[in-house]
Amino acid sequence: MTALDRYLDEHRGAFLENLKAALRIPSVSAQPEHKADVRRCAEHIVTHLKKIGMTRAEVMETAGHPVVYAEWLGAPGKPTALLYGHYDVQPPDPLELWKTPPFEPTERDDKLYARGACDDKGQVYMHFSAIEAHLATNGKLPINLKLVIEGEEEHGSESLEDFLRSHRKELDADLIVVSDTSMLSPDQPALTYALRGILYTQIEVTGPARDLHSGEFGGSVMNPANALAGIIAALKDADGRITVPGFYDRVKELTPAECEAYAAVPFDERGFIAESGAPMAWGEKGHSTLERLWSRPTLDVNGMWSGYTGEGSKTVLPSFAAAKVSMRLVPDQDPKQLFTAFEAHVRSLAPAAVKVVVKDLHHGSPWITSPDHPMLQAAVRALARAWTKKPALIREGGSIPVMATFQQTHNLPCILMGFGLHDDQVHAPNEKFSLTSFHGGTRSCAYLYEELLKGV
Ligand code: BES
Ligand code: MN
Ligand code: MN
């Protein structure tokens, strides 16, 4: 056993404690009341990175939440990896559904429960642990590392684009490494070569100037909740296809080779659907579940509100109704162009008897890279060493908006090596990270730096 492997084994407990300390800080980027906590988390990480031996680590300002930047550049002539991750988390609500409090990390059955345990503090701390292990056992890293850990990912990474552009030279590298995605199953590691983009909108419908008695006025003016329901119902047809004109124009169909590759992916569809708790699989006609998840666009209502939703009944004709509607986009769809098309379509569906406003809350482009890039082979080898199986090459349905930005600012090969599991309840109550993922992921990161030194 090498000194590195021994260090990784002997420090499992300490690595976990380091992660727990970060999980105790409620760095919820979307909620203004947590602004100071977000900064405190950035400062906490900087202190930790200095302690493990990064030569530079600092909190850097953006127009929004700060970015943690750190580097170790003691391997001149060797490759430089730019490691991206995020230390911000989603709001923990609804709090009453958590079995243990979201910001008091708790171990149960070989899993660590806390908001951010998997997404993404747990995965960021795998890299910190791997870096620590190399520096402690060899006094150096196999390659150069630059770390960009941002604080706004869960909020759309609004300030990061400017940050990347204004620090473009400092952030030069040979490749980008991200651990913020998933494995296929607990013993099947994966490398992700495509992510969906997102267009997140809000539709607001206003009818009468105030709530009305539904007996006194019902039948005389249009109800905005009914109008909104009609608009939403018309956004998809009976085959589950989105009705926005031109929506599919730029959707790339899968090549026969990709279709074959999809069929060969060891995806447990039954288990996946069962895990969701839904009665059965459902979606756009003519495409498999995996195709619909990874390479077809979607349109989903994320929330809607209007009128009376409390106990019992109240006879009211509401003045206002609204819905949050998001679309997941695939190559080569363009979120800006689609917002214009979406807004026009919603307006065309809106009855004249109500007023309708459509807002673009945030958007990000889809991202895809070639699964055959030779740089990926280093990650294939690292994962094969750390797990019992070779990694599967997959696409995923989630979004990391900055990946498309990196393509524009850096245009470098990207390794997306993530360790989340489908039952990790990310963005939901009782988020967790399996300790097998955490320790196996740490080992994978430590090996990745070595394999990147060996070259392609
Ligand atoms: N880590 C996720 C993205 C992800 C999820 C990738 C599942 C692969 C599989 C990331 O933190 C996230 O939640 N992104 C948001 C983006 C949004 C807030 C702009 C998403 O996908 O909803
Ligand atoms: Mn994430
Ligand atoms: Mn997330």
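Q: Does Ser 157 count as buried or exposed, and at what relative accessibility?
A: In this predicted model, Ser 157 is placed in the loop between β6 (144–150) and α5 (160–166). Residues under 20% relative accessible area are classed as buried. Ser 157 therefore counts as buried, at a relative accessibility of 7%.

Q: What is the approximate phi of Ser 157?
A: Most residues other than glycine have a negative phi. Ser 157 is not a glycine, yet its phi is positive, at about 50°.

Q: Which residues coordinate the manganese ion (ligand 3)?
A: The donors of this ion follow the spacing D-x34-E-x272-H along the chain. Their distances to the metal run from 2.1 to 2.5 Å. Glu 154 is listed with OE twice, beside an OD of Asp 119 and NE2 of a histidine. The coordinating residues are Asp 119, Glu 154 and His 427.

Q: How is the site of the manganese ion (ligand 3) classed, given its 6 donor atoms?
A: Six donors count as octahedral if opposite donors are over 155 degrees apart and all others between 65 and 115. Here the angles among the 6 donor atoms span 55 to 157°. The lower end of that span, 55°, falls outside what the octahedral class allows. The site is irregular.

Q: Which residue coordinates both the manganese ion (ligand 3) and the manganese ion (ligand 2)?
A: The two manganese ions, ligand 3 and ligand 2, are 3.6 Å apart. The residue that coordinates both is Asp 119.

Q: How many residues apart in sequence are the parts that Asp 119 and His 427 tie together?
A: Asp 119 belongs to the loop between β5 (111–113) and α4 (121–138). His 427 belongs to the loop between β17 (414–417) and β18 (432–434). The pair therefore ties together parts whose separation in sequence, in residues, is 308.

Q: What are the relative accessible areas of Asp 119 and His 427?
A: Buried means under 20% and exposed over 50%, with partly exposed in between. Asp 119 is buried, with a value of 10%. His 427 is partly exposed, with a value of 41%.

Q: What phi does His 427 have?
A: His 427 is located in the loop between β17 and β18. Its phi is positive in a residue other than glycine, with a value near 70°.

Q: Which residue does a cis peptide bond join to Asp 119?
A: Most peptide bonds are trans. This one has an omega of about 0°. The partner is found in the loop between β5 and α4. It is Asp 120.

Q: What is omega for the cis peptide bond from Pro 331 to Asp 332?
A: Asp 332 lies in the loop between β13 (320–329) and α10 (335–349). The bond leading to Asp 332 from Pro 331 is cis, with omega near -5°.

Q: Why is the pair of Phe 433 and Phe 438 edge-to-face?
A: Both Phe 433 and Phe 438 are buried. Their ring centres are 6.3 Å apart, and rings pair if their centres lie within 6.5 Å. Planes over 60 degrees apart count as edge-to-face. The pair is edge-to-face because its planes are at 65°.

Q: Over which ring does the charged end of Arg 385 sit?
A: The charged end of Arg 385 is 3.8 Å from the centre of the ring. That ring belongs to Tyr 447.

Conventions: Residues are numbered from 1 along each chain as its sequence is written. Chains are lettered from A and ligands numbered from 1 in the order in which they are written. This is a predicted model: local features need pLDDT of at least 70, side-chain atom pairs count only at pLDDT 80 or more; totals for chains, interfaces and linings use all residues. Side-chain values use heavy atoms; hydrogens and water are left out. Donors are N, O and S atoms within 2.8 Å of the metal (3.2 Å for Na, K and Ca); water is not among the atoms, so sites may look incomplete. Four donors count as tetrahedral if all angles lie between 85 and 135 degrees; four count as square planar and six as octahedral if opposite donors are over 155 degrees apart and all others between 65 and 115; anything else is irregular. Helices (H or I, at least four residues) and strands (E, at least two) are DSSP runs, numbered from the N terminus. Buried means under 20% relative accessible area, exposed over 50%, partly exposed in between (1.4 Å probe, protein chains only). Rings of Phe, Tyr and Trp (its six-membered ring) pair if their centres lie within 6.5 Å; planes under 30 degrees apart count as stacked, over 60 as edge-to-face and the rest as tilted. A charge sits over a ring if NZ of Lys or CZ of Arg is within 6 Å of the ring centre and within 35 degrees of the ring normal.
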